[in-house]
Amino acid sequence: MMLFYIRDTDAARAKLDAVKAFSPNPLRPPKLGLDPFRMDVALHKSLAYLWLGNLNTKCLVPLVEEACAAAGGAPSDFKAVPSLPLYFAGEFRDFLFGVELMGEMQAVAGFDAGECFAVKMSAFSMLGEGNRSEVHDLKKGRVRSYATSRAGLRAMDALPSSAPAFKKAV
């Protein structure tokens, strides 16, 4: 699973406006008659389902908080844009290859450090006990890497607000 976050600023909007794409700028969503608040609730409701339904995503909230801190901001400074690879590449189905696409995305948009980052959470391998999560800044590359275990995630509280902070693994 890979989620992209962009600092919600006019400068970031302008960089995305300059990208030749066949879909609307994700920081300037089209007026579809949908309330932006409801659209955000739908995204966060989906993430809440993943939090409760998938073991490897229990680390999502502290991972995003760590990523925002590494980028020099608070979570409220960023907009979650899970469809960012689709905006740059059009048809893009496998986010396992999102890291390989980031260099091209950076070359086209020219994001500043801390302006756009991705949180990547890997799945547990079959019969495996550990997995890796990473934070990638589009300009700087990988900035954080974390190792988690099944036992550690099972011990985590079900409430995101009670999740422990991550320790930098690499």
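**View 1. The backbone nitrogen of Lys139 sits 2.8 Å from a polar atom of the Asp137 side chain.** The whole model is predicted, so to speak: local features need pLDDT of at least 70, side-chain atom pairs count only at pLDDT 80 or more, and totals for chains, interfaces and linings use all residues. Residues are numbered from 1 along each chain as its sequence is written, and side-chain values use heavy atoms, with hydrogens and water left out. A second backbone nitrogen, that of Gly114, lies 2.7 Å from a polar atom of the Asp137 side chain. For polar contacts, the cut-off is a pair of N or O atoms within 3.5 Å; within protein, one must be able to donate a hydrogen and the other to accept it, and residues adjacent in sequence count only if both atoms are side-chain atoms. Which side chain of opposite charge is nearest to Asp137? That is Lys140, 4.9 Å away, and Asp137 has no salt bridge although it is buried. Lys and Arg count as positive here, Asp and Glu as negative, while His and the chain ends are not counted. Leaving aside neighbours within four places in sequence, Asp137 is in contact with Ala113, Gly114, Glu115, Cys116, Phe117 and Val143; contact means heavy atoms within 4.5 Å.

**View 2. Strands β4 and β5 form a hairpin with three residues between them.** Strand β4 covers residues 130-137 and β5 covers residues 141-149; the two run antiparallel and are joined by eight bridges. Helices (H or I, at least four residues) and strands (E, at least two) are DSSP runs numbered from the N terminus, and two strands pair if DSSP finds at least two bridges between them. Asp137 belongs to β4, and its bridge partner in β5 is Gly141. Elsewhere along the hairpin, Val135 stands opposite Arg144 of β5. On the β3 side, residues 116-121 pair with β4 in the antiparallel sense over five bridges, with Lys120 opposite Glu134. Six of the eight residues of β4 are buried, so to say mostly covered; buried means under 20% relative accessible area, exposed over 50%, partly exposed in between (1.4 Å probe, protein chains only).

**View 3. Ser145 of β5 reaches Arg132 through its side chain.** The two side chains share a polar contact of 2.5 Å. Is Ser145 buried or exposed? Buried, at 0% relative accessibility.

**View 4. Lys15 holds on to Asp112 and to Glu115.** The Lys15–Asp112 salt bridge has its closest N and O atoms 3.2 Å apart. Lys15 lies in helix α1 and Asp112 in the loop between α5 (98-109) and β3, so this pair ties together parts that are 97 residues apart in sequence. The salt bridge from Glu115 to Lys15 has its closest N and O atoms 2.7 Å apart. Here too distant parts of the chain are linked, with Glu115 in the α5–β3 loop and Lys15 in α1, 100 residues apart. A salt bridge is a side-chain nitrogen of Lys or Arg within 4 Å of a carboxyl oxygen of Asp or Glu. Lys15 is buried at 17% relative accessibility, as is Glu115 at 5%, whereas Asp112 is partly exposed at 45%.

**View 5. Asp10 and Arg13 make a salt bridge within helix α1.** Their closest N and O atoms are 3.0 Å apart. Both sit in α1 (residues 10-17), three residues apart, which is about one turn of the helix. Asp10 is exposed at 63% relative accessibility, while Arg13 is buried at 17%. In all, the structure holds six salt bridges.

**View 6. Gly72 takes a positive phi of about 85° just after α3.** Gly72 is in the loop between α3 and β2 (78-80) and is exposed, with a relative accessible area of 60%. Gly72 and Gly114 are 42 residues apart in sequence, yet their C-alpha atoms are 6.5 Å apart in space. In α3 itself (residues 60-70), the buried residues are Leu60, Pro62, Leu63, Val64, Ala67 and Cys68. Cys68 has a relative accessible area of 0%. How many disulfides turn up in the whole structure? Zero, going by cysteine sulfur atoms within 2.5 Å.
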